[in-house]
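Colleague: I'm new to this one and keep tripping over the labels. Could you show me the model and walk me through how each label is earned?

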Amino acid sequence: MPGNVAVFNCHIPGVSYNENHVLPESVAITSWVQDGVFNIFPSWEIDSKIIMIPKTGQLRIANVDENDLRHSYTCRIVNKLTGFTQESSTFGRIYFESNRTMAPWSKSNDFTVHLVKQGDHLLLPCDVYGFPPPKVT
């Protein structure tokens, strides 16, 4: 729905995530590609409209609007052992539901355990959805 957050997960055949949506150590999502030409790399810039979460490789697009509907997204992975890179064979797009009636807020049910060392960065996204879009403070 307009104003909400769109979340894309990278799906590559033959690559499995664990229960915390983390890839095996031998595989890394290196980037997302918008419209086949624009690379989106991992970032800690949480105020950006489009961000790739470093640990999970998820692509998050904040405050989606009509302009976001025209873009498509694919993801790229690399096998750290072999150096082989692969791009997802299908792409993701944002579509709005035609029903824009009031909807109660809901939150993502993703639960992830993060282990960090002192001085490391940790990004804790808080995804909530609804119409009109809820505000997180």
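Modeller: Let's start with F8 and W32, which are both buried. This is a predicted model, where local features need pLDDT of at least 70, side-chain atom pairs count only at pLDDT 80 or more, and totals for chains, interfaces and linings use all residues. Residues are numbered from 1 along each chain as its sequence is written, and side-chain values use heavy atoms, with hydrogens and water left out.

Colleague: Why does F8 count as buried?

Modeller: Buried means under 20% relative accessible area, exposed means over 50%, and partly exposed is in between (1.4 Å probe, protein chains only). F8 has 11% relative accessibility, so it counts as buried. Y73 comes out at 1%, so the buried label applies there too.

Colleague: What makes the pair of F8 and W32 tilted?

Modeller: Rings of Phe, Tyr and Trp (its six-membered ring) pair if their centres lie within 6.5 Å; planes under 30 degrees apart are stacked, over 60 edge-to-face, and the rest tilted. The centres of the F8 and W32 rings are 6.1 Å apart and the planes sit at 55°, so this pair is tilted. It links distant parts of the chain, with F8 in strand β1 and W32 in strand β2, 24 residues apart. F8 also pairs with Y73, again tilted, at 5.3 Å centre to centre and 45° between the planes. Here F8 in strand β1 meets Y73 in strand β6, 65 residues apart.

Colleague: Which residues do the ring pairs link into a cluster?

Modeller: F8, W32 and Y73. The structure holds 2 aromatic pairs.

Colleague: Why is strand β6 described as largely enclosed?

Modeller: Helices (H or I, at least four residues) and strands (E, at least two) are DSSP runs, numbered from the N terminus. Strand β6 covers residues 72-79, and 6 of its 8 residues are buried, so the rest of the structure largely encloses it.

Colleague: How do you know that β6 pairs with strand β8?

Modeller: Two strands pair if DSSP finds at least two bridges between them. β6 and β8 (residues 92-93) have 2 bridges, in the antiparallel sense, and Y73 stands opposite G92 in β8. Strand β2 (residues 27-34) is joined to β6 by 7 bridges, also antiparallel; there, V33 has T74 as its bridge partner in β6. Strand β7 (residues 85-87) runs antiparallel to β6 with 3 bridges, one of them matching I77 with Q86. β6 and β7 form a hairpin with 5 residues between them, and G83 in the turn has a positive phi of about 80°.

Colleague: What is the strand order in the open sheet of 3 strands?

Modeller: The order is β1-β5-β4, with antiparallel pairing. β1 (6-8) and β4 (50-52) each have a single partner strand, so they stand at the edges and one side of each lacks a neighbour in the sheet. β4 and β5 (residues 59-61) pair over 3 bridges, and M52 has L59 in β5 as its bridge partner.

Colleague: R60 is found in strand β5. Why does R60 count as buried, and what joins its side chain to Q58?

Modeller: R60 has 9% relative accessibility, so it counts as buried. A polar contact is a pair of N or O atoms within 3.5 Å; within protein, one must be able to donate a hydrogen and the other to accept it, and residues adjacent in sequence count only if both atoms are side-chain atoms. The side chains of R60 and Q58 are joined by such a contact at 2.5 Å.
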